[in-house]
Number of protein chains: 2
Amino acid sequence: MKDKFYKYIQELQDTITLKIEEIDGKAKFDEDQWKRPEGGGGRTRVIENGNVFEKGGVNISGVHGALPKAMQSYFNVGEVNFFACGLSLVLHPKNPMAPTVHANWRYFEMYNKEGDIVDSWFGGGQDLTPYYLFEEDAVHFHQVCKISCDKHNPEFYPAYKQKCDEYFYNAHREEGRGVGGLFFDYCKTTEEMSMQNWYDFVTEVGNSFLEAYVPIIERRKDLPFTKNQRDWQEIRRGRYVEFNLVHDKGTLFGLKTNGRIESILMSLPPQVQWRYDHHPKPESEEEKLVKVLKKPVEWL
Amino acid sequence: MKDKFYKYIQELQDTITLKIEEIDGKAKFDEDQWKRPEGGGGRTRVIENGNVFEKGGVNISGVHGALPKAMQSYFNVGEVNFFACGLSLVLHPKNPMAPTVHANWRYFEMYNKEGDIVDSWFGGGQDLTPYYLFEEDAVHFHQVCKISCDKHNPEFYPAYKQKCDEYFYNAHREEGRGVGGLFFDYCKTTEEMSMQNWYDFVTEVGNSFLEAYVPIIERRKDLPFTKNQRDWQEIRRGRYVEFNLVHDKGTLFGLKTNGRIESILMSLPPQVQWRYDHHPKPESEEEKLVKVLKKPVEWL
């Protein structure tokens, strides 16, 4: 399973980066191949200063070895060996009318001393962070998520949509990071779902990513915008930074388990502002966004 | 003691904000008085878009009531009442040649059910974060710190200078946030130091703040700089954000104990950049700074 899934994310990285370059029309991804001293490594692909994408990364990694101390206590296990691989992507468009998108699909194995798999699971999801709210974008994104889910289980979409709203929540701001999508974790063998079934589900979601995001970026990438709208985007990007550095378990684990810092922090937006006690004007488009983030919306 | 120290920080806030406005020559501090629903409140003063200071805050607060859950486990105590007050300041100059400065002086009391003080301590410090290294600035800042310390105990400066280097450390980047200063905490009654002695020490340090910083900002505020130097400042400000959101206990506690978010996050710089895998050019002024941050320097 681990080899099959790693091969899958390698191919998916190629598919996604090719399409993103095509949309951008100017910038190309730079690739960094890196090795983890304790075992494994990854292939980081970063795009910067494009026509459409101001900054973004589509990264894969496959790491293995002794489970780091911080993760032992998190998973409540002793000294075990592990394997983890996944694809992580974040795309920050230049145009404030176009939303940032994030996705991650991953697979994890833990072993006993004999090297047998004692536990394994899939996790992942994808979510959208607009700076201006176009309801049709949120609806489209969720629609694609739902179609992928429904092929496997009609209960997945509502359950994983809710988990996404709960996870990508800036508690200290009392608002969501964005308009959500899917979030699932610890997808393990059950009576209904074998690991192969989970593989089929996760790859279905991964395969639908471009269908979920491309129509949105195509619609928004060339819309006109003002300096004030750009400032608003940079201020909202501050909330993105706050979520990733204060709340996101993936980022914090990476930082605390000697992960590859630059691959982890490539998720941070290129230009960001913090103003003191900034509030959008009443009845403005900016306020409309903030109101929607206060309470999860059923987009479908 | 709590009334005396609160009165002291009120006056110190006035003294510092007056002087900062005088140096800036354009912007004035805006004041927000706020109340904490559970008890107490504060006086936040923020300056933005000045001639010299792009963003800064000089805030005081005095809060009391039941110790929040997160702090109970941190201090390893049960349900007790507390009082805490302090002055916190961060100043982000516009000119990349001028360093950011941070300072904080605070006092804490814990009570038993009868309302008697069962524990109390002072804490605080001040530290300097340059974007370009002027050694004479670091030396001057540390000199003023040392003079304040030496009046009370010759062991204070080396001990608190070291604590500062240890605390303001971006572990995930393996570099210091800046060139340090002083950091002390849990300053409690000992055979040598009464609480009155600690009060005298902490106020001595607080009173020396302007002497430590003003000559530096005066020397650097009007130096010429290029677009590239400004970019470097904004990239380095990213490290400031990373420290405050990932490592700083004060910020994280504030965010997790329902503190006043805007007063806590006023410490974040106004304009910030993150670039992928950015490294200064060999032998450049930028590289000189980063090298100095890799290992604490004995400035005196």
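In this predicted model, start with two helices of chain B. Helix 3 of chain B covers residues 135-150, and helix 4 of chain B covers residues 156-167. Their axes come within 8 Å and cross at roughly 130°. That angle makes helix 3 of chain B oblique to helix 4 of chain B, because only angles over 145 degrees count as roughly antiparallel and those from 65 to 115 as roughly perpendicular. The crossing of helix 3 of chain B past helix 4 of chain B is right-handed.

Now look at the side chains on each helix. Helix 3 of chain B brings B:His142, B:Cys145, B:Lys146, B:Cys149 and B:Asp150 to this contact. Helix 4 of chain B answers with B:Phe156, B:Tyr157, B:Tyr160 and B:Lys161. Sorted by class, the residues of this contact are five nonpolar, one polar and three charged.

Helix 3 of chain B has another helix partner. Its axis and that of helix 6 of chain B (residues 209-220) come within 8 Å and cross at roughly 165°. Angles over 145 degrees count as roughly antiparallel, so helix 3 of chain B is roughly antiparallel to helix 6 of chain B. This crossing, too, is right-handed. On helix 3 of chain B, the residues in contact are B:Asp137, B:His140, B:Phe141, B:Val144 and B:Cys145. On helix 6 of chain B, they are B:Glu211, B:Ala212, B:Pro215 and B:Ile216. Here the classes are six nonpolar, one polar and two charged residues. Find B:Cys145 in the structure: it meets residues of helix 4 of chain B, and it also takes part in the contact with helix 6 of chain B.

Next comes the sheet of chain B. Seven strands form an open sheet in the order 1-2-3-4-5-6-9, with antiparallel pairing. Which strands lie at the edges of this sheet? They are strand 1 (30-35) and strand 9 (180-187) of chain B, and each pairs on one side only. From one strand to the next, the twist averages 5°.

Zoom in on one pair inside the sheet. Strand 4 of chain B (residues 81-93) and strand 5 of chain B (residues 100-111) run antiparallel. Eleven bridges join them. For one of these, find B:Leu89, whose bridge partner in strand 5 of chain B is B:Ala103. Helix 3 of chain B appears here again. Helix 3 of chain B packs on the sheet and touches strand 6 (117-129) and strand 9 of chain B. The direction of the helix makes about 30° with that of strand 9 of chain B.

Turn to chain A. Its open sheet has seven strands in the order 1-2-3-4-5-6-9, and the pairing is antiparallel. The edge strands are strand 1 (30-35) and strand 9 (180-187) of chain A, each with pairing on one side only. Neighbouring strands are turned by 5° against each other on average, direction ignored. Strand 6 of chain A (residues 117-129) runs antiparallel to strand 9 of chain A, and six bridges join the two. A:Gly124 stands opposite A:Phe184 of strand 9 of chain A. Helix 3 of chain A (residues 135-150) packs on this sheet, where it touches strand 6 and strand 9 of chain A. Its direction makes about 30° with that of strand 9 of chain A.

How do the chains fit together? The contact takes 23 residues from chain A and 23 residues from chain B. On the side of chain A, the elements that give two or more residues are strand 2 (40-48), helix 7 (227-247), helix 9 (261-265) and strand 10 (271-273). Helix 7 of chain A gives the most, with four residues. By class, this side of chain A has 14 nonpolar, three polar and six charged residues.

Strand 10 also links the chains by bridges. Three bridges join strand 10 of chain A to strand 10 of chain B (residues 271-273), and the two strands run antiparallel. A:Gln271 has B:Gln273 as its bridge partner.

Finally, compare the copies. A turn of 180° and a shift of 0.0 Å along the axis lay chain A on chain B with an RMSD of 0.0 Å. The two copies are therefore related as by a two-fold rotation axis. In chain A, the C-alpha nearest that axis belongs to A:Val272, at 2.5 Å. Of the interface residues of chain A, 100% are also interface residues in chain B, so the copies meet through the same surface.

Technical notes:
Residues are numbered from 1 along each chain as its sequence is written. Chains are lettered from A and ligands numbered from 1 in the order in which they are written. This is a predicted model: local features need pLDDT of at least 70, side-chain atom pairs count only at pLDDT 80 or more; totals for chains, interfaces and linings use all residues. Axes are lines fitted to C-alpha atoms, for helices over the stretch in contact, and angles run from 0 to 180 degrees between N-to-C directions. Angles under 35 degrees count as roughly parallel, over 145 as roughly antiparallel, 65 to 115 as roughly perpendicular and the rest as oblique. A crossing is left-handed if the near helix is turned anticlockwise from the far one by less than a right angle, and right-handed if clockwise. Two residues are in contact if their C-beta atoms, placed from the backbone, lie within 7 Å. Ala, Val, Leu, Ile, Met, Phe, Trp, Tyr, Cys and Pro count as nonpolar, Asp, Glu, Lys and Arg as charged, and the others, Gly among them, as polar. Two strands pair if DSSP finds at least two bridges between them. Copies are superposed by least squares on the C-alpha atoms of residues with pLDDT of at least 70 in both.
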